[in-house]
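Reader: Before I trust any labels on this one, I'd like to see how each was earned. Can we go through them together?

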Amino acid sequence: MIACGAICPRIVDGPVPGPGPETASGPDVVFVFSSNEVGATFECSLDGATFSGCSTPQSYSGLASGSHTLSVRAVDLSLNVDETPATRTWTVFGPPTATV
């Protein structure tokens with residue numbers, strides 16, 4: 001189990017990490033997340049970008065082929081920001097390549 005700060009975000013739905021075809025996704029994904037703090041808001045970072053406000057469900061479309069990582073942190077009503085964001089890494093596979 002991953003240690004979590006006082007404000008604990010959790011990604012509860014989205015592309016599943018791990019070996020096998022379940023790691024594959026198309027270029028459009030949707031994530032659902034929650035927090036142990038009632039009334040918490042969220043900030044997201046896709047692929048190491050600066051964190052910015054987001055809401056659940058959070059969708060991304062038109063992602064390029066390759067590996068992607070979403071980090072989600074919670075902010076409580078006192079504006080305390082979680083220091084241990086939840087993360088999910090998955091792979092987007094592009095269209096099949098034609099072989100001759």
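Author: Sure. One cut-off first: buried means under 20% relative accessible area, exposed means over 50%, and partly exposed is what lies in between. Also keep in mind that this is a predicted model.

Reader: Then what makes Arg73 partly exposed?

Author: Arg73 has a relative accessible area of 22%. Buried requires under 20% and exposed over 50%, so Arg73 falls in between and counts as partly exposed.

Reader: Why is the contact between Arg73 and Glu43 called a salt bridge?

Author: The rule asks for a side-chain nitrogen of Lys or Arg within 4 Å of a carboxyl oxygen of Asp or Glu. The closest N and O atoms of Arg73 and Glu43 are 2.6 Å apart, so the pair qualifies. By this rule the count comes to one salt bridge.

Reader: Which parts does that pair tie together?

Author: Arg73 lies in strand β7, residues 66-75, and Glu43 in strand β4, residues 41-46, so the salt bridge links parts that are 30 residues apart in sequence. The backbone matches this too: Arg73 in β7 is the bridge partner of Glu43.

Reader: How do you know that β4 and β7 pair?

Author: Pairing takes at least two bridges found by DSSP. β4 and β7 have six, in the antiparallel sense, so they pass. β4 also pairs with strand β5, residues 52-54, again antiparallel, over three bridges. In that pairing Cys44 stands opposite Ser52.

Reader: And what lies between β4 and β5?

Author: The two strands form a hairpin with five residues between them. Asp47 sits in that loop and has a positive phi of about 55° although it is not a glycine.

Reader: Is Asp47 buried, partly exposed or exposed?

Author: Its relative accessible area is 40%. That is neither under 20% nor over 50%, so Asp47 is partly exposed.

Reader: Which other residue has a positive phi without being a glycine?

Author: Leu79 does, with phi near 70°. Leu79 is in the loop between β7 and β8, which spans 86-92.

Reader: What makes Leu79 exposed?

Author: Its relative accessibility is 67%. Exposed means over 50%, so Leu79 gets the label.

Reader: What about Asp82, in that loop between β7 and β8: why doesn't it have a salt bridge?

Author: The nearest side chain of opposite charge, Arg73, is 7.6 Å away. A salt bridge needs the atoms within 4 Å, so buried Asp82 has none. Asp82 does have a polar contact of 3.1 Å with Thr84, side chain to side chain.

Reader: How do you know that 3.1 Å is enough for a polar contact between Asp82 and Thr84?

Author: The limit is 3.5 Å for a pair of N or O atoms. At 3.1 Å, the side chains of Asp82 and Thr84 come within it.

Reader: Asp28 next. What makes it exposed?

Author: Asp28 has 51% relative accessibility. The cut-off is over 50%, so Asp28 counts as exposed. It sits in the loop between β2 (24-25) and β3 (29-35).

Reader: Which residues does Asp28 touch?

Author: Leaving aside residues up to four places away in sequence, Asp28 touches Tyr60, Ser61 and Gly62. Asp28 and Tyr60 are 32 residues apart in sequence, yet their C-alpha atoms are 5.7 Å apart. As for Gly62, its backbone nitrogen lies 2.9 Å from a polar atom of the Asp28 side chain.

Reader: Ala40 is in a loop as well, between β3 and β4. Why is it called buried?

Author: The relative accessible area of Ala40 is 15%. Buried means under 20%, so Ala40 meets the test. Beyond four places in sequence, Ala40 touches Ser35, Ala74, Val75 and Asp76. The C-alpha atoms of Ala40 and Asp76 are 4.4 Å apart, with 36 residues of sequence separation.

Reader: Last one: what makes the peptide bond from Thr56 to Pro57 cis?

Author: Omega for that bond is near 0°. Pro57 itself lies in the loop between β5 and β6, the latter being 58-60.

Note on methods:
Residues numbered from 1 in each chain as written. Predicted model: local features only at pLDDT ≥ 70, side-chain atom pairs only at ≥ 80, totals over all residues. Heavy atoms only, no water. Helix = DSSP H or I, 4+ residues; strand = E, 2+ residues; numbered from the N terminus. Buried < 20%, exposed > 50% of the residue type's maximum accessible area, 1.4 Å probe, protein only. Contact = heavy atoms within 4.5 Å. Polar contact = N/O pair within 3.5 Å; in protein donor to acceptor, adjacent residues only side chain to side chain. Lys, Arg positive; Asp, Glu negative; His and termini not counted.
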